[in-house]
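Visitor: Please take a close look at one part for me. Which residues line the second largest pocket, and which lie nearest its centre?

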Amino acid sequence: MKNMKKYLMEFAGTFFLVLAIGLSGNPLAIGLVLMAMVYIGGHVSGAHYNPAVTLAVWLKGKLESRKIAGYMTSQILGAFAAALMVHLITAKTFMPVPGISVLKIHALLIEILFTFVLALVVLTVATSKKFENNYVYGLAIGLTLSAIIYAGADISGAAYNPAVAIGTIITSNAISGTTLSNLWIYLLGPFIGGAFAAVFFNHLNK
């Protein structure tokens, strides 16, 4: 039952994050919604809402291996539900895409680098003993997401989250016939970035 509460929170948090992406597309609005959901769910599940963050938290040793599948599945299902809700409300689909004339390797690099930043912030302010019982962790995480969306949207499409990519790209393909060819960028890039963040954090905090 305790784990189910965690998974439900991960579903809900990811749902509202993706809903904000689909309905507004505004980096500040997206970051503020994430901030709100982090404050709501931080004490329940850790408020990952992102498989790359879950990977980083697990590599740091702050998540049991048996919970990884439940976390990631909940996040992906939340993203699918939000993508479908956006279509229901707007009759449109949406998904991250690299900018016009942007090389895929450059989009991949942006996804790696800025997911690294996002995951490193989460590890620092939400899991580090040096920041225990702080009240700024949600603000820091939300504003970080806003900043990296502003910085990278024109290059990579600024997903930084495999659940966002899977939910929106597959839904868009199923409904609108859009391509799946860029999905690998938004899986490989964030997972590499999240893993590097954990390795970097652990090295700095030995």
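The answer below goes through that pocket and then sets the largest pocket beside it.

Guide: This is a predicted model, in which local features need pLDDT of at least 70, side-chain atom pairs count only at pLDDT 80 or more, and totals for chains, interfaces and linings use all residues. Residues are numbered from 1 along each chain as its sequence is written, and side-chain values use heavy atoms, without hydrogens or water.

The second largest pocket (an open set of 1 Å grid points where a 1.4 Å probe fits, with protein on both sides within 12 Å along at least five of seven lines) holds about 420 Å³ of space. Its lining (residues with an atom within 4 Å of a point) has 28 residues, and Ile 21, Ile 149, Gly 157, Ala 158 and Ala 159 lie nearest the centre. At least two lining residues come from each of α1 (2-23), α2, α5, α6 (137-156) and α7 (162-176), helices being DSSP runs of H or I with at least four residues. With 4 residues, α6 gives the most. By class, the lining has 22 nonpolar, 6 polar and no charged residues; Gly is counted as polar, and Ala and Ile as nonpolar.

The largest pocket holds about 540 Å³. Its lining has 24 residues, with Gly 42, Ser 45, Gly 46, Ala 126 and Thr 127 closest to the centre. Two or more of its lining residues come from each of α2 (27-45) and α5 (104-127). Here the classes are 9 nonpolar, 9 polar and 6 charged, whereas the second largest pocket has no charged lining residues.

Conventions:
Points joined across faces, edges and corners; volume = space filled by probe spheres on them.
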